[in-house]
Amino acid sequence: MSRTTEPEVQGPQAQDPVEAVPSFWRLAVYGFQHVLAFYAGAVVMPLLVAQGIGLPDEDIGLLVNASLLTCGIATLLQAVGFRGVGIKLPIVQGTSTTAVPSLVSVGLAAGGAKAGMPTVLGAVVAAGLALFVVAPVFSRLVKYFPPLVTGTIVTIVGITLLGVAARQVGGGDPSAKSFGSPAQLGLAAVTFVVILLLHKFSRGFMATIAVLAGLFAGTVVAALLGKTDFSKIGDASWIGMAAPLHYGIRFDTIAILSIFMVMIIVAVESIGQFFAVGEIVGREVDGKGVTRALRADGLATAVAGALNSFPSTVYSQNIGLIRLTRVKSRWIIASAGVIMIVFGLVPKIGAVVAAMPASVLGGATIVLFATIAVVGVQILLQADLTDQRNTILVAASMGIGFLPTAFPQFAEQMPTRQLHALFESGIILGTLTAVLLNLFFHHLRLPGRRKEAVAPVDPSEDYMQHKVRTKDSA
């Protein structure tokens with residue numbers, strides 16, 4: 001890779017923004033912007049697991065560092081990859097919050113706290129390896145994910161995540177007295193307004209780092225108002241990493257099956273996001289690409305378990321960031337992976353970013369998550385929405401996907417931890433609804449019906465392309 005002063009490389013790759021290698025300083029700045037977009041998610045997930053299982057406070061920092069480290073490794077596997085592994089697109093990977101309920105259930109069933117961790121990590125390693133092995137099966141299922149389905153899934157992802165963004169705008173903790181106060185909303189507004197102003201009045205480089213600039217401005221204002229807490233920076237060590245298999249490892253069949261079921265659901269959800277990235281960067285995603293991507297996901301999950309962390313998945317907020325900035329180089333995502341590895345090995349640096357108030361981050365995520373929904377709508381425009389069946393599919397999937405967002409209590413009534421995990425995520429419910437309704441409306445052949453009555457919703461040659469149809473191709 002040669003360094004240049006321009007965002008794109010010269011020569012044969014100059015026309016391909018995915019393969020463009022920006023100069024070092026652009027790699028650093030753009031990569032850091034992506035790190036800020038998904039840093040909070042990488043930290044929150046291990047906190048939830050640690051608190052759910054009942055780990056002591058000193059172990060929480062260990063799990064957070066492990067999560068940051070493995071997020072970086074997983075991102076490099078996906079964006080850079082090697083033979084047969086990695087989709088080689090600008091995709092950020094991180095720990096999956098979808099797996100939290102099952103991880104906590106497995107840990108508590110195995111004794112809770114440190115006693116349960118060997119079983120949890122054993123299940124993560126085994127489930128990751130299992131996904132790596134069965135990944136080729138998913139390439140045969142790609143035809144069941146036309147633009148109608150993937151557009152619906154991506155739209156549901158964006159709409160569902162807006163609830164997360166709204167919580168961040170309010171301050172992060174709905175139980176706090178200051179949640180939603182004018183001060184919290186004002187900090188979010190600073191970030192939000194700076195992003196809008198830069199997109200209105202700036203061109204080129206400044207427009208592409210609008211999110212980073214907004215976060216910086218919001219943090220500065222928060223510091224001036226005394227709304228930031230930098231005390232943890234002094235407490236954090238400069239270098240820190242737990243040894244692999246710090247808690248030990250134990251393989252339990254039921255625990256492995258439980259986590260593997262979650263991995264399958266996450267994999268189905270991720271397929272739509274692989275297509276969304278392909279749509280944004282103008283790169284066709286086919287069955288082989290899906291196989292490589294899921295192999296990277298499975299391998300990253302197995303490595304995460306060995307390094308005391310948890311299952312890996314695609315981070316949606318970074319898809320929104322790519323769409324917003326139009327900076328599509330996978331090497332920028334690779335640089336974000338390297339930065340995250342550094343954060344995982346140097347807790348003090350991570351503590352600086354962690355000092356950013358939730359409301360400041362919310363001012364950016366409210367735009368990023370909504371942008372994901374817009375990408376989903378753009379994909380849906382490629383489907384035939386004049387067909388009443390397609391309209392019902394989109395409406396039913398979005399409606400069912402919204403249920404857990406409106407009332408999380410539905411999950412608490414479920415009799416098994418697998419159903420609890422299913423009903424806790426609107427993204428998972430909406431995804432499964434879209435997939436099953438597509439099978440029902442467009443692939444299920446009833447006796448006595450003519451073959452033409454169940455023709456696929458999109459021409460077969462368009463299943464993996466998700467391309468914008470022009471007047472010439474219509």
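Trainee: Which element gives the largest share of the lining of the second largest cavity?

Mentor: H2, with three residues. Helices are DSSP runs of H or I with at least four residues, strands are E runs of at least two, and both are numbered from the N terminus. This is a predicted model, where local features need pLDDT of at least 70, side-chain atom pairs count only at pLDDT 80 or more, and totals for chains, interfaces and linings use all residues. Residues are numbered from 1 along each chain as its sequence is written, and side-chain values use heavy atoms, with hydrogens and water left out.

Trainee: What makes a space a cavity?

Mentor: On a 1 Å grid over the protein atoms alone, a cavity is a set of points where a 1.4 Å probe fits but cannot get out. By this rule there are three cavities of 30 Å³ or more.

Trainee: What volume does the largest cavity have?

Mentor: About 50 Å³. A volume is the space filled by probe spheres set on the points, with grid points joined across faces, edges and corners.

Trainee: Why is Gly 344 called a lining residue of the largest cavity?

Mentor: Gly 344 lines that cavity because lining residues have an atom within 4 Å of a point. Helix H2 (residues 57-79) gives the largest share of this lining, four residues.

Trainee: How many residues of the lining of the largest cavity are nonpolar?

Mentor: Six, with three polar and no charged. Ala, Val, Leu, Ile, Met, Phe, Trp, Tyr, Cys and Pro count as nonpolar, Asp, Glu, Lys and Arg as charged, and the others, Gly among them, as polar.

Definitions and conventions: On a 1 Å grid over the protein atoms alone, a cavity is a set of points where a 1.4 Å probe fits but cannot get out, and a pocket is an open set with protein on both sides within 12 Å along at least five of seven lines; lining residues have an atom within 4 Å of a point.
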